[in-house]
Structures are given as C-alpha cells and as structure tokens.
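Welcome! Please take a moment to look over the sequence and the structure below before reading on.

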Number of protein chains: 2
Amino acid sequence: MNKAEQMLENYRRLIEGALKKHINEAPDLQKSVRDAMAYSLFIGGKRIRPALLLEFCRVCGGNVESALNFACAVEMIHTYSLIHDDLPCMDNSDFRRGRPSCHKKFGEDIALLAGDGLLTLAFETALKTENIPAGRVIKAAVILARAAGVDGMIGGQVIDLESEGRAIPLDTLLKMYSLKTGALIKASAVIGCVLAGAGDNIVNAAETYAENIGLCFQIVDDILDLEGDEATLGKPIGSDERNRKSTFVTLNGPVIAKQKAAYLAKSAKESLKIFGEEALPLAELADMLLYRNS
Amino acid sequence: MNKAEQMLENYRRLIEGALKKHINEAPDLQKSVRDAMAYSLFIGGKRIRPALLLEFCRVCGGNVESALNFACAVEMIHTYSLIHDDLPCMDNSDFRRGRPSCHKKFGEDIALLAGDGLLTLAFETALKTENIPAGRVIKAAVILARAAGVDGMIGGQVIDLESEGRAIPLDTLLKMYSLKTGALIKASAVIGCVLAGAGDNIVNAAETYAENIGLCFQIVDDILDLEGDEATLGKPIGSDERNRKSTFVTLNGPVIAKQKAAYLAKSAKESLKIFGEEALPLAELADMLLYRNS
C-alpha cells in the first residue's frame with residue numbers, strides 16, 4: 001500500500017467505528033428507519049470525504065479525534081444524497097454499489113425518511129463535537145450546511161435534473177460538477193482546516209486542492225464510463241452515451257478529458273506546497289484518483 | 001383581538017419578513033427549487049412554532065430579534081416535513097391548505113429537493129444567529145436536530161406509516177403524537193428559553209406547557225375531523241373514520257377527548273405560573289387552541 005491507501009484505510013476504520021456508534025447511540029425506537037440508515041451508511045464506499053476532512057485537520061496540527069464527529073456528518077450527508085438520488089422520482093436506480101438501493105430494500109417511504117434522518121443526524125453529530133472552541137464548530141457547521149444546500153450539492157442536483165436528456169454547454173456542466181460533487185468535497189477539506197484553527201492562506205490552499213481533485217474525480221468517472229472495464233467497475237459502461245447525458249467526455253472527447261484530468265491532479269499537488277512533507281499522502285491521493293480504474 | 005391573537009399576529013409579520021430575507025438572500029442560481037421552497041413556506045399557516053419560540057424567549061428576558069433566526073429555522077423544518085409528507089410515496093396529498101401541494105405544482109423531484117433544501121437551510125440559518133453566546137447557539141441547534149430527527153419528528157412519521165389502516169393501542173398513538181407533532185412544538189418553546197439563557201426550572205416549565213398544548217392541539221384536530229364544520233375547516237370531515245385511522249377520538253370517543261383536551265389546556269396554563277403576568281398571552285393561546293373551530 002502507498003501512503004494514500006494507508007491513510008484511507010486507517011481513516012476508514014476510524015470513521016466506520018464512529019458511524020456505528022452514532023447510529024446505534026439513541027434508543028432503538030424506530031427500527032425500520034434506523035435499519036435503512038445503517039444499511040446505506042455501510043453499503044460500502046471509499047470514505048474519501050471524511051478522510052479528507054481528518055487528514056487536513058491532521059496536517060494543520062489539529063486533533064483528529066475531535067474532528068471525527070464532523071467526518072461522520074460529512075459521510076451521513078453524502079449517504080443521504082445517494083438515498084434520495086436513487087428514488088424513483090429522481091434517478092430511479094434499483095442498485096447502489098451492486099446491492100439493492102435503499103428504497104428497493106426498505107420501500108420508498110422509509111428510504112425518504114432515512115435520507116431525512118441522516119441529514120438531520122449529520123447536524124446533530126457535528127454540533128456535538130467536543131474539545132474544539134464553540135465558535136469554530138459553528139463556523140464549520142455553517143460551511144457544511146452551505147455546501148449541502150441549495151447553493152451547493154442540492155443546487156447541483158437541480159442543474160442535473162434540468163439538463164436531463166439534452167446537451168448542455170460546458171460551463172453549465174462544470175457548474176453542475178462543482179456543486180453536485182465538488183461542494184461537499186471542498187467543504188470536507190476546508191472544515192478539517194477550520195476545526196484545526198488554520199489561517200486563511202492554509203484554508204485557501206486546501207480549497208484549491210479539493211476543487212482540483214473533485215473535478216479530476218468527476219472527469220475520470222466520465223472517462224471510465226467510456227473506456228473502463230465492466231468487471232473492474234462493477235457496472236455497465238457506455239451509460240452516458242446511451243442516456244445522451246452531457247459529460248466532460250461527451251462534450252470534449254476522451255483525449256482532452258485525459259489531459260484535463262492529469263492537469264487537475266498536478267494542480268492539486270502543487271497547491272499542497274504550503275503543507276510541506278506532511279502532505280505526501282494527500283499528494284499520492286491526487287494521483288490515485290487520477291490513475292484509478294474503478 | 002385578545003392578547004394571544006395579537007401576539008401571533010405580531011410575530012407572524014416578524015417571522016414572514018425574516019423568512020423572505022433568508023430565502024432570497026443567496027444568489028438566484030437554482031430558481032426552480034428556490035421557488036418551490038418559497039411557495040411552501042408562504043402557503044399559509046399560523047406560525048405557532050416560531051411564535052412560541054420568540055414568546056418564550058421574550059418572557060425569559062431574552063432578545064427576540066436575536067432569536068429570529070431560530071424561529072425561521074423551526075418554521076423551515078415544519079414546512080419541509082409537510083412537503084415530504086405530501087409526496088406520493090407518503091400521504092399522497094394533492095392539496096395543502098386548499099392549494100396544490102408542492103409536488104403537484106413543481107413536480108416530485110423538485111419537491112423532494114425543496115424539502116431537503118429547507119431542512120439544510122434551517123440549520124444554516126439557526127447557526128448564523130448573532131449576539132447570542134456560541135455555546136447557547138450550539139445547545140439550541142442540538143435540541144432542534146434531536147426534535148426533528150429519528151428520535152423526534154421523523155420517528156413519529158415512521159410510527160404513523162407503520163400504523164396505517166390498522167387499530168393501534170392508545171400508548172402507541174400518544175407516542176406517535178408526542179413525536180410527530182409534539183417534539184418540534186416542545187423544542188420551539190425550549191429553544192426560546194435556552195437562547196435567553198434561562199435556568200433549568202424555567203426550561204422545564206416551558207417544556208410542560210408545550211407538551212400539554214401540543215397534545216391538546218392534536219386532540220382538538222381529531223375532534224374537528226368528527227364534528228367540525230367543513231366550510232370553516234376548509235377540508236372534508238370524517239376522513240379519519242373513512243381511512244380507519246386510529247385517533248384519540250376513534251379510540252376514546254368524543255366525550256373523553258373533549259375532557260382530555262380541556263384538562264391539557266388547564267395543565268398548560270398552570271405550568272406558566274413561574275413566568276408571572278408576562279405569560280398571559282401564552283395562557284390565552286392555550287385556550288385559543290382548545291376552543292378553535294379551524
């Protein structure tokens with residue numbers, strides 16, 4: 001394992017342990033919705049957002065243990081967005097990571113409420129952060145809410161819905177990417193710094209890194225949908241073209257897409273200079289996201 | 001107008017002005033979802049929850065102006081719950097307060113996202129509270145999240161879903177009432193006190209008051225569904241019996257229901273003693289909720 005893989009693996013264990021605790025903490029009153037929340041939280045995933053949050057907290061000299069509540073909150077918000085995204089009135093996806101999506105397993109009503117429950121639990125969990133000054137906790141929670149809201153992730157969803165089945169200009173596509181997936185990735189990095197009490201120049205560097213890997217990740221996704229290996233990916237390829245979906249690849253072709261992705265990973269690494277040697281795992285992470293095949 | 005009506009009217013203006021500001025504050029990026037949020041926020045309603053919050057803040061000597069962000073947050077959460085409740089996979093209601101429900105007007109996908117957006121904006125708005133110590137703001141926001149979450153409002157929804165079309169025991173019904181509508185009403189009163197920095201005995205009194213008027217409100221609803229005037233109510237009566245829905249009236253009959261509602265209003269008023277004369281509007285509010293005919 002390289003340093004990035006090691007980092008992700010260490011944080012994955014930490015995060016999943018904490019998520020289990022938060023989901024089981026409250027009395028087992030409404031079992032069905034709690035089961036649905038747990039099912040979707042533990043259906044898999046790389047836990048990249050919470051790992052970014054914790055790693056930026058660490059490289060800024062902050063206390064990783066204290067930042068764990070926010071890391072869980074970010075993952076809960078990511079999970080709720082997937083549950084609501086999969087619903088029949090949205091993407092109508094029967095599967096998520098090779099398993100039945102939440103509403104296929106628990107019914108639409110419970111899936112809707114499980115998403116609502118995770119979004120609400122995210123804020124409760126974040127706000128129960130200990131050993132970090134209250135002012136910082138509030139600042140971080142506002143960043144989280146903005147990134148998840150109408151001017152962030154939800155706004156990106158709306159652009160996505162309104163672009164369905166028709167060609168959209170590149171600037172609309174980039175706007176959609178930056179909101180739908182970029183906003184929460186960026187917020188994760190920034191919150192890690194804010195919880196550690198980092199200054200503005202540090203926060204800006206983290207923001208630039210996250211913007212670059214966020215877009216890189218998305219463009220690599222688009223490339224894999226054209227050229228990936230179905231067995232490795234675990235899902236059929238070519239879906240973007242079949243659904244006449246505008247992506248970076250359908251708009252610019254695979255050659256320019258690959259150049260762009262490589263350029264973004266390089267820019268991400270450059271923005272890490274301010275952190276020195278400590279940021280080596282984050283630099284490797286940028287390459288890992290660029291060279292991934294699943 | 002009596003003192004309660006005057007109080008509600010004054011706060012209604014204050015709250016609706018603040019809600020307009022919050023909904024229009026951010027750049028007009030995703031118009032459709034923002035329009036849907038605004039539509040449901042301004043479709044009407046008594047604004048009882050935010051009024052309770054502000055009035056308890058006032059009687060505790062707090063600054064009503066500073067508590068306004070939390071008042072808006074509570075109303076946003078109430079509104080989001082109605083939007084999601086009306087969706088086809090939940091209650092499938094085409095109308096809300098005599099007008100098309102959010103999804104009938106904007107489509108299911110946008111309505112789902114409008115609900116998500118309001119829940120998220122609620123926390124952003126609450127956390128942007130100014131001129132109140134950060135520790136109090138966090139404490140109040142955690143109370144809000146718990147009341148809205150799986151162990152509060154959402155948990156009540158789950159009991160409601162799982163009780164559909166079948167008789168349930170009285171204790172399950174009371175549990176459902178206390179979570180589905182009671183939790184947010186109680187949180188509103190408590191948050192008002194917490195923001196004002198009130199002590200535990202005061203908070204407990206507010207909690208008792210809110211629990212009593214919350215259940216009273218619900219039982220009066222059940223009575224009106226049996227005996228109300230359709231024209232005054234603005235909706236057909238007898239729906240609970242038609243849908244074989246267990247309510248306090250279907251389980252205990254109207255005579256016991258009326259006795260219980262009157263007893264609850266009386267208990268609510270008694271719990272206000274600690275606040276002295278300042279609490280006169282809140283006492284009148286308890287009677288108003290008992291004697292209402294719509």
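This report walks through the pairing of the chains, some helix packing and a pair of loop residues.

## How the two chains are related

The model shown here is predicted. A good place to start is the relation between its chains: chain B is superposed on chain A by a rotation of 180° with 0.0 Å of shift along its axis, and the RMSD is 0.0 Å. That is the relation of a two-fold axis. If you would like a landmark for this axis, look for B:Ala134, whose C-alpha is the nearest to the axis in chain B, at 2.8 Å. Both copies use the same surface, since 98% of the contact residues of chain B recur in chain A.

## Where the chains touch

How many residues does each chain bring to the contact? Chain B gives 42 residues and chain A gives 42 residues. On the side of chain B that touches chain A, at least two residues each come from helix H2 (31-41), helix H6 (108-127), helix H7 (134-148) and helix H8 (153-162) of chain B. H6(B) gives the most to this side, with twelve residues. Sorted by class, this side of chain B holds 24 nonpolar, nine polar and nine charged residues.

Helix H2 (residues 31-41) of chain A also deserves a look. Its buried residues are A:Val33, A:Arg34, A:Ala36, A:Met37, A:Tyr39, A:Ser40 and A:Leu41. What covers them? The cover includes helix H1 (3-25), helix H4 (64-86), helix H5 (102-106) and helix H6 (108-127) of chain A, together with H8 of chain B.

## Helices H6 and H7 of chain B

Next, follow H6(B) to its contact with H7(B). The axes of these helices come within 10 Å and cross at roughly 160°. An angle over 145 degrees counts as roughly antiparallel, and that is why H6(B) is described as roughly antiparallel to H7(B). The crossing of H6(B) past H7(B) is right-handed.

On the H6(B) side, the contact is made by B:Phe123, B:Ala126 and B:Leu127, and on the H7(B) side by B:Val137, B:Ala141 and B:Leu144. By class, the residues of this contact are six nonpolar, no polar and no charged.

## Helices H1 and H14 of chain B

Another packing to find in chain B is that of helix H1 (residues 3-25) with helix H14 (residues 280-291), where the axes are 7 Å apart and the angle is about 100°. H1(B) and H14(B) are therefore roughly perpendicular to each other.

H1(B) contributes B:Lys3, B:Ala4 and B:Met7 to the contact, while H14(B) contributes B:Leu280, B:Pro281, B:Glu284, B:Leu285 and B:Met288. The residues here comprise six nonpolar, no polar and two charged.

## Two loop residues with positive phi

Most residues other than glycine have a negative phi. A:Arg244 has a positive phi, near 50°. You can find A:Arg244 in the loop between helix H12 (239-242) and helix H13 (248-270) of chain A. Is A:Arg244 buried or exposed? A:Arg244 counts as exposed because it has 11 C-beta neighbours inside 10 Å.

B:Asn92 likewise has a positive phi near 50°. B:Asn92 sits in the loop between helix H4 (64-86) and strand E1 (95-96) of chain B. With 11 other C-beta atoms within 10 Å, B:Asn92 is exposed.

Methods. Residues are numbered from 1 along each chain as its sequence is written. Chains are lettered from A and ligands numbered from 1 in the order in which they are written. This is a predicted model: local features need pLDDT of at least 70, side-chain atom pairs count only at pLDDT 80 or more; totals for chains, interfaces and linings use all residues. Copies are superposed by least squares on the C-alpha atoms of residues with pLDDT of at least 70 in both. Two residues are in contact if their C-beta atoms, placed from the backbone, lie within 7 Å. Helices (H or I, at least four residues) and strands (E, at least two) are DSSP runs, numbered from the N terminus. A residue is buried if 20 or more other C-beta atoms lie within 10 Å of its own, exposed if 12 or fewer, and partly exposed in between; C-beta atoms are placed from the backbone. Ala, Val, Leu, Ile, Met, Phe, Trp, Tyr, Cys and Pro count as nonpolar, Asp, Glu, Lys and Arg as charged, and the others, Gly among them, as polar. Axes are lines fitted to C-alpha atoms, for helices over the stretch in contact, and angles run from 0 to 180 degrees between N-to-C directions. Angles under 35 degrees count as roughly parallel, over 145 as roughly antiparallel, 65 to 115 as roughly perpendicular and the rest as oblique. A crossing is left-handed if the near helix is turned anticlockwise from the far one by less than a right angle, and right-handed if clockwise.
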